[in-house]
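Q: I would like to learn how to read a structure with bound metal ions and a ligand. Could we go through it feature by feature?

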Amino acid sequence: MSLSIDTKRLTDEIEYLAHISDTPYPSVTRVLFSSVDLRAREWLKLLYADAGLVVREDAVSNTFARWPGTDPAAAPVATGSHIDAIPNAGRFDGVVGVLGGLEAIRALPRAGRRPRRSIELVMFTAEEPTRFGLGCLGSRLMAGTLNRQKIASLRDPQGLSVDDVCAQAYMHGTLESTRLTPGCYDSFVELHIEQGPLLELKQMPIGVVTAIAAPAALRIDLSGPGGHAGTVLMPDRHDPSLAAAEIMQAVERAALATQSRDTVATCGLVQVLPGAVNSIPREVRLEIDVRDIDGARRDGVLVAIRAAAKASAERRGCGFKEQLINADPPATCAPHIVTAVEQASAAVGLPCQRMISRAYHDSLFMAQVCPTAMIFVPSKDGISHRPDEYTAPDEIAQGVRVLAGALDLLAG
Ligand code: GLV
Ligand code: MN
Ligand code: MN
């Protein structure tokens, strides 16, 4: 099969989407159902229509664009990713899997292919945790991993629920209706930037993911009486920010204690209220991200952090509340899809490296729905979640070529 990727068109589309953002180019900020997110979604639907795809949306605006195969009864092969972006992110995270997936689907008929199985491009809602504090909202719902109570407990910074923001965005249907039925897809393969340095260091154009590390997030709320920064004497203070400082150190200690490079932990969110220089802090919120390729070891780190946090709060006479936001199992990718990606790479003369994904992706949850794997393309200097995130047009095109080849093999 001689497959030509329209690199210029794809690059233009990626650049165009980068400008639909709440922060100036090359920074991208596109939070779930913000006006820029809604505008980006409308623009994507125009591209899907232009490609002749059949589009459907579910109750949280997960969007499915199907290129029908010759056998409508056969379960489709799916690909896709997300277009939401954390504050001050780059323009490739997620986008490469959506627009690249679209270009792969456009390239196949240009090469005279018409697979047996339909190929469906999925754009997942809210892969990033920005609005509701929980990543992969759309794919978690599709996999049926969120119960009613958990969904109902989610609030955005304005106190709105998932139902509220869906209603505001004119979404219809129940959250339960987003769950995919078993067997609905034959397989799923996501194209994504690596977001780490390995492919570039090894000068490998393509990575194929064999497993995705297990992510967890823990929220800790600390409180104290606060008061005047000048008049309350030191022995009388119960300053929650000092408990927070101890907890942040405990997070690092707990991760290092496993003595494994695969354990990582970060306290990425620290909010101090009332946030005035002449006021003793009264409330502190910490959000802690812990990941490991070994789920049990990750859970051990969480236990150590929670114990240290509770002890710090008690010692300092501070109020303490904790909430485990998520603690997901790792995912193992499907060997036959890994092999299909390797074959597709070999067919176009590109070496391909097996690797683990330390970032999470919607594939973590799609792996609970159907056999799943991922294709990585290099990230310059391993940088991601920053405006200077970069993957060259030719590198993206190589990933799309391999994706198209893999979809073609899987779709038969
Ligand atoms: C995804 O954005 C992650 O934080 O791994
Ligand atoms: Mn991301
Ligand atoms: Mn991503």
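What follows is a conversation about a predicted model, taken one feature at a time.

Q: Which protein atoms are the donors of the manganese ion (ligand 3)?
A: To read a metal site, start from the ion and list the protein atoms that act as its donors. For the manganese ion (ligand 3), the protein donors are NE2 of His82, an OD atom of Asp93 and NE2 of His192, and they lie 2.0 to 2.2 Å from the ion. Written along the chain, these donors follow the spacing H-x10-D-x98-H.

Q: Why can the pair Asp93 and His192 be said to tie parts of the chain together?
A: Here one asks where each donor sits in the sequence and in which element. Asp93 belongs to the loop between β5 (85-89) and α3 (95-110), while His192 belongs to strand β7 (residues 187-193), so the pair ties together parts that are 99 residues apart in sequence.

Q: Are Asp93 and His192 buried or exposed?
A: The word depends on a cut-off, since a residue counts as buried when its relative accessible area is under 20%. Asp93 has a relative accessibility of 7% and therefore counts as buried, and His192, at 1%, counts as buried too.

Q: What coordinates the manganese ion (ligand 2), and where do its donors fall along the chain?
A: The second ion is read in the way just shown. The manganese ion (ligand 2) is coordinated by Asp93 (OD), Glu128 (OE) and His385 (NE2), at 2.0 to 2.1 Å, and the spacing of its donors along the chain is D-x34-E-x256-H. Asp93 and His385 link distant parts of the chain, for Asp93 is in the loop between β5 and α3, and His385 is in the loop between β17 (372-377) and α12 (393-411), 292 residues apart. His385 has a relative accessibility of 35%, which means that this residue counts as partly exposed.

Q: Which residue bridges the two manganese ions, and how far apart do they lie?
A: When a name appears in two donor lists, that residue may be a bridge. In this model Asp93 bridges the manganese ion (ligand 2) and the manganese ion (ligand 3), and the two ions lie 3.7 Å apart.

Q: Which residues surround ligand 1?
A: For a ligand, one lists the surrounding residues and then looks for polar atoms that face each other. Ligand 1 is surrounded by Glu127, Glu128, Arg291, Ala359, Tyr360 and His385, and by class this shell has two nonpolar, one polar and three charged residues. A side-chain N or O atom of Arg291 is 2.7 Å from an oxygen atom of ligand 1, such an atom in Glu128 is 3.1 Å from an oxygen atom of the ligand, and a polar side-chain atom of His385 lies 3.3 Å from one. On its own, ligand 1 has 200 Å² of accessible area, and the protein covers 91% of that.

Q: How many disulfides does the structure hold?
A: A disulfide is a covalent bond between the sulfur atoms of two cysteines. The structure holds zero disulfides. Cys318 is in no disulfide, and the nearest cysteine sulfur, that of Cys267, is 15 Å away; at 10% relative accessibility, Cys318 counts as buried. Cys333 is likewise in no disulfide, with the nearest cysteine sulfur, that of Cys370, 11 Å away, and Cys333, at 7% relative accessibility, counts as buried.

Technical notes. Residues numbered from 1 in each chain as written. Chains lettered and ligands numbered in written order. Predicted model: local features only at pLDDT ≥ 70, side-chain atom pairs only at ≥ 80, totals over all residues. Heavy atoms only, no water. Near = heavy atom within 4 Å. Polar contact = N/O pair within 3.5 Å; in protein donor to acceptor, adjacent residues only side chain to side chain. Areas by Shrake-Rupley, 256 points an atom, 1.4 Å probe, with all protein chains shown as cover. Nonpolar A, V, L, I, M, F, W, Y, C, P; charged D, E, K, R; others polar. Donors = N, O, S within 2.8 Å, 3.2 Å for Na, K, Ca; no water. Helix = DSSP H or I, 4+ residues; strand = E, 2+ residues; numbered from the N terminus. Buried < 20%, exposed > 50% of the residue type's maximum accessible area, 1.4 Å probe, protein only. Disulfide = S-S within 2.5 Å.
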